[in-house]
Structures are given as structure tokens and as C-alpha cells.
Amino acid sequence: MIIQTGMRTDIPAFFHKWLINRIQEGYVLVRNPYNPSQVTRYSLTPDVVDLIAFCTKNPGSVLNDDYAMRTLSNFGQYWYVTITPYGPDIERYVTNYALVMDCFRELSRKVGINSVGWRYDPIIVDDVHTVEWHIQKFAEMAAYLDGYTNNCVISFLDIYEKVERNFPKARLVTREERLVLGKAFAEIAKSHGMVLRPCAEGDDLAQFGADCSGCMTKEIYEKALGARLIIPSQSKNQRNGKCACILGPDIGAYDSCFHLCKYCYANTDVEAVRANVKRHDPNSPFLIGGSMEGDIIRVAEQTSWIDKQVRLDI
């Protein structure tokens, strides 16, 4: 099966020691964000977890921890590293993108080109970050990452309720702007050996050669593993048919990412993040806090998805 770590927070950037402790203990407890008394226990052992999927803005802490890298090497891995050229006015505590690109190249050398992807998202268009600005920056970054990944994911800013509250000046990217950017990005990505993958953006950019099937698909994971996967039907199409992504359960927690990006859908506000980070214990089975009275713990049913009879030469 696939375990996700990055849909709710950035575990590699802020909580990687906790993750390694959880792997050592062999399990993790995840609280349902919509019904806190419901807790799911997931095994974190290689016999049932085929691959751990990461989404981070800075893998540097993990890369600098040799023990962590050795521990993770027991699992299949797929890393999406989000690298955008915004400043602290939008991405408050994100490491400078030039440094993150260097980390990306090192990560690719360590885990392999089929196990890393670049995310350039969300795309924000305003008076400073114009269409032309994005095309120039994307071209520069793609050239620097040439040979280190074959996947680049893009998405355009969505105005969720939390985004509207924390980033009131943000606006939606128009369809015309999306088409101009998509065409340019697809051409640039192709010239550097990358497939452009719009994330949950429909099929509009397919006409320019973009792969609109998804960014966390069975095929991507199979390339990372070098093995064929048999995906249970209940684990497919978790985004209501919008793409072919296999997301898997996420072991993170909302309101805990201290990058504090204005466009973040996972944080309510700064105070909520600060309060939760204070409750983090790297030795707890929960990412945030611990057991509470009334907790109902369900043990997840987990099996390996790897087809033991077939191997792919990919």
C-alpha cells in the first residue's frame, strides 16, 4: 500500500525525526481531523507499506540525516518537492528556492530520478508575478533541474475559504492566462526531459502535450518501485474521477505547517499552527498531541500491493 505524508503538513521539513521514530516503533496513530475521537492505527513496516509518498518544500533536514535516509531506504519512496520562486511576502518561512533546488538535485542522486518530481504550484498571477515572470522563472528552474526529474506538476491557485481569509488579495488565474502558461510550460518541460502534469486542472492543457491523468498515478509509483502494483478498487480515483491519482492514507495533521504560506489550504491561521507545534512530541505515536479520553482506535487493514509474480524493466 501507499502511505502519504504531505497532504496536511510538511513532515520532512519539520517532523522527520518523529517519522523515523514511528518507523522504528512500527506504527503510527492518525486522528480523524473531522471526528477527533476516531483514530486509525497504521503499520509502518515494509511488508505492508510498499512506498512512502512525500510532498515537501524542503527535504534538506532528511538529506542531512544519514540515519533517516538509511531508514527510509527500506521502503519505496516518491518525493514531490515544491519549488516556487516567490518571496517571504507569500511564502513566509520557506527556504530560498535556489537552495531547495540544490537539495532536489542531491535527493535525485540519492533516491533516483524515477523517485523525485518537481511541483511548481500554486501558480499565482498578480501585478508582480505576471505571466511573463512565471515563464522566465520556470524556464530558468527547469534548466537547472534538467536531468534530475522527469515529472513536473503545476496547478493554479484555488481560493479556498482559508486562502480567502489569509490571502485576501489573491485572485483566480483566468482561463486565458492558464492556456498561455500551460503551453509555454509544456514546451519548456519537454525540452528538459520532463512531462508536465497539471494537478486537478481538467484536460485543457492536454492539447499542448501535458499529461492530465494525474500526478500520483499507478504508473508513477511503479516506476519508482520498479515493480507492478495491484491496486485495490477502493483505493482508486480518490478525487471523484478528476484524475487517476492513488493518494493513500495521510499520516499528517492540519494546522501544523510552519512555512505559513499565504495560499495554504491546510492551515487555519498562525495561532492555530503555533499552538499545535507546541503540542508536538517526537516520541508520541500522534504527530500532534497524544491520546485523549474517548479515543476509538481502529486498526487499518493493510496489505502489500506489489505483484510478486511480475517485475517491470522500468
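Let me begin with helix H2 (16–25), which gives the most to the lining of the largest cavity, with 3 residues. I should say at once that this is a predicted model, and that what follows is to be heard with that in mind. The structure holds 1 cavity of 30 Å³ or more, and the largest cavity has a volume of about 40 Å³. Its lining is made up of Ile-11, Pro-12, His-16, Leu-19, Ile-20, Phe-54, Val-62 and Leu-72, and, sorted by class, these residues come to 7 nonpolar and 1 polar, with no charged residues. Besides H2, helix H1 (11–14) also supplies at least two residues of that lining.

Phe-54, one of the lining residues, takes us to strand S4 (51–56), where I would like to stay for a moment. How many of the residues of S4 are buried? The count is 6 of the 6, so the strand is largely enclosed by the rest of the structure. Taking the two faces in turn, Leu-51, Ala-53 and Cys-55 are buried on one side, while Ile-52, Phe-54 and Thr-56 are buried on the other, so that both faces of S4 are covered.

As for the neighbours of this strand, S1 and S4 pair in the parallel sense over 3 bridges, with Gln-4 standing opposite Ala-53 in S4. S4 and S5 likewise pair in the parallel sense, here over 6 bridges, and in that pairing Cys-55 stands opposite Tyr-80 in S5.

Let me turn to helix H9 (residues 218–225), whose buried residues are Ile-220, Tyr-221, Glu-222, Ala-224 and Leu-225. Which strands do these residues pack against? They pack against strand S1 (2–4), strand S4 (51–56), strand S5 (76–82), strand S7 (151–156) and strand S8 (195–198). Just after the helix, Gly-226 takes a positive phi of about 65°.

Within H9 there is also a charged pair, for Glu-222 forms a salt bridge with Lys-218, the closest N and O atoms being 2.8 Å apart. Both residues lie in the helix, 4 residues apart, about one turn. Is each partner buried or partly exposed? Glu-222 counts as buried because its relative accessibility is 5%, under the 20% cut-off, whereas Lys-218, with a relative accessible area of 23%, is partly exposed.

That pair belongs to a wider set, since side chains of opposite charge can pair when their charged atoms come close. The count of salt bridges comes to 12, and I will describe two others. In one of them, the side chains of Glu-91 and Lys-57 meet at 3.6 Å, N to O. This pair links distant parts of the chain, 34 residues apart, with Glu-91 in the loop between S5 and helix H5 (97–111) and Lys-57 in the loop between S4 and helix H3 (60–63). Glu-91 counts as buried at 3% relative accessibility, and Lys-57 is buried as well, with a relative accessible area of 11%.

The other salt bridge joins the side chains of Arg-197 and Asp-211, at 3.2 Å, N to O. Arg-197 lies in strand S8 and Asp-211 in the loop between S8 and H9, so the pair ties together parts that are 14 residues apart in sequence. Arg-197 is buried, with a relative accessible area of 10%, while Asp-211 is partly exposed, with a value of 26%.

Key: Residues numbered from 1 in each chain as written. Predicted model: local features only at pLDDT ≥ 70, side-chain atom pairs only at ≥ 80, totals over all residues. Heavy atoms only, no water. 1 Å grid on protein atoms, 1.4 Å probe; cavity = no way out; pocket = protein on both sides within 12 Å on 5 of 7 lines; lining within 4 Å. Points joined across faces, edges and corners; volume = space filled by probe spheres on them. Nonpolar A, V, L, I, M, F, W, Y, C, P; charged D, E, K, R; others polar. Buried < 20%, exposed > 50% of the residue type's maximum accessible area, 1.4 Å probe, protein only. Contact = heavy atoms within 4.5 Å. Pairing = 2+ DSSP bridges. Salt bridge = Lys/Arg side-chain N within 4 Å of Asp/Glu carboxyl O.
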